[in-house]
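Dear colleague,

Please find below the sequence and the structure that I am handing over to you. My notes on what was found in the structure follow.

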Amino acid sequence: GEYAEDYSWDEPSQADQAGSYDDMAAPGGIGLLEDAPQAVAEAMEAGLEELTGLSVALTVQPDRAWLRVGVELAPGGTLAGLASAASSGDRSLPYLRYCDADALLSFAWSAPYDWSLPLLEGLYRLILPDGSIADDAIESAKAYADATGLNGGMSISLTPSAELIQAIRTDADMDDAETLELLSRGLGLSVGGAMELRDRQAFRDAAAEALGTIAAPEYAELLEASGLSLSVDRSVGVASGMPYDAYRYGFAPTGSEAADSSEAMAMELLGRLMAPVMVYRDDKAFFGLGDPKAVAAGIAKDGAASPLRSDKAFKALRAGASADARALTYVSTRNLARLVLRLMPEDREPLGFNAANLSGLLMWLDATPGTLGFGLGLGAEDVKAVAAI
């Protein structure tokens, strides 16, 4: 009531007056349908009715701090069902051993792939105007989940070449084509990790089926309405005695001026980088990018060469996370700072923080049969680093 008196919610905003949302509301356009706000409001109201308690905890130490937020759920409700499913994983996050301490970004999880599918199903039906597309997406997700195990862990690394570092530090004068080539060969983007499978062949079939759904004319129509075209190619083979699936994604803007735009260059680079590979061994799918033979040759037997779970900074930050965490994301600000320092001009003054003392950024999801929660952990030196940079 107070806010309604202070602000006229029915007054059109600048964006509304400019008509920038017309395309979103148009039939076949990507975006929320006209009745979406009401549907979202009803879903939120129903969800709130299932909450029986809220807890917030802030833990502060001289070097680190953690924020935890959790909700208690009414038994028998939709959210309680989600929490019960999510909590069936292993609290030790066993596939954390496949996360690399030298990476920039790491993920680990131990929960059924479809624990949140009821929420996703509602979202699909809300944003996809064609009911058949939503049905296909949901069926594809279910098939994928049926073939997938509880556990997974992966890391994303960025190791720019000396040539690219030098070009950035000296602000080298290059045209778009030269920039694209340099980024393609020198960005050093890599992915590594593993995921547990219940049924390897069913997983491969489900992934191929999902690609077929993406290639459907209905999806192409939706993408074209947003100014984007997408092509996907899949190849299969054997490397080092292990079967693999390799994918290639092609992105391109649509429109009369797309070929000469910087957007087109960025999408071409994205297409070159988006070359995921999955190599299969026993009950696992191993992740990689690029050449399947190189990915197969680099698979570690029992985990990452430098496992994140043994890293001191990560261990100290994880110690403040919930014991019921079933998934986590970790950003190594120490490795990020090293990258930033390599990119800085040589005449730049020293920054006011110690990269060796950075803790990182930790986010997690925790679950028990009756609760859901999330948390955030951050180091004091990390705050200083952000301010200094």
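How many helices and strands make up the secondary structure of the protein chain? In this predicted model, the secondary structure comes to 16 helices and 12 strands. The protein chain has 389 residues, of which 37% count as buried. Among the contacts with a separation of 6 or more, 71% are between residues 24 or more positions apart. The exposed area of the protein chain is about 21,500 Å², and 55% of that area is supplied by carbon and sulfur atoms.

I turn next to the strands at which I looked in detail. Strand S1 covers residues 51-60 and strand S2 covers residues 64-73; the two pair in the antiparallel sense, over nine bridges. Three residues form the hairpin connection from S1 to S2. Within this pairing, leucine 51 has leucine 73 of S2 as its bridge partner. S2 is also joined to strand S12 (residues 371-379) by nine bridges, and these two strands run antiparallel. Here tryptophan 66 stands opposite glycine 377 of S12.

A surface feature involves some of these strands. Leu54, Val56, Leu58, Val60, Leu67, Met363 and Leu376 make a nonpolar surface patch of about 670 Å². Which strand gives the most to the nonpolar patch? That strand is S1, which contributes four residues. Leucine 54, one of the residues of the patch, is found in S1. Its relative accessible area is 64%, and leucine 54 therefore counts as exposed, the cut-off being over 50%.

The last element to report is a helix. Helix H8 spans residues 162-169, and its buried residues are Leu164, Ile165 and Ala167. Viewed down the axis of H8, these buried residues fall within an arc of 165 degrees, so they line one face of the helix. As a general point, an α-helix has 3.6 residues a turn, so residues three or four places apart point the same way. Against which helices do the buried residues of H8 pack? Their packing partners are helix H9 (176-186) and helix H15 (333-343). After H8 comes aspartate 171, which has a positive phi, near 55 degrees.

In summary, I would draw your attention to two items: S2, which is joined by nine bridges to S1 and by nine bridges to S12, and H8, whose buried residues line one face of the helix.

With kind regards

Technical notes: Residues numbered from 1 in each chain as written. Predicted model: local features only at pLDDT ≥ 70, side-chain atom pairs only at ≥ 80, totals over all residues. Heavy atoms only, no water. Buried < 20%, exposed > 50% of the residue type's maximum accessible area, 1.4 Å probe, protein only. Arc of directions from axis to C-beta. Contact = heavy atoms within 4.5 Å. Pairing = 2+ DSSP bridges. Patch = residues over 30% accessible without salt bridge, like charges linked within 9 Å, V, L, I, M, F, W, Y side chains within 5 Å. Areas by Shrake-Rupley, 256 points an atom, 1.4 Å probe, with all protein chains shown as cover. Salt bridge = Lys/Arg side-chain N within 4 Å of Asp/Glu carboxyl O.
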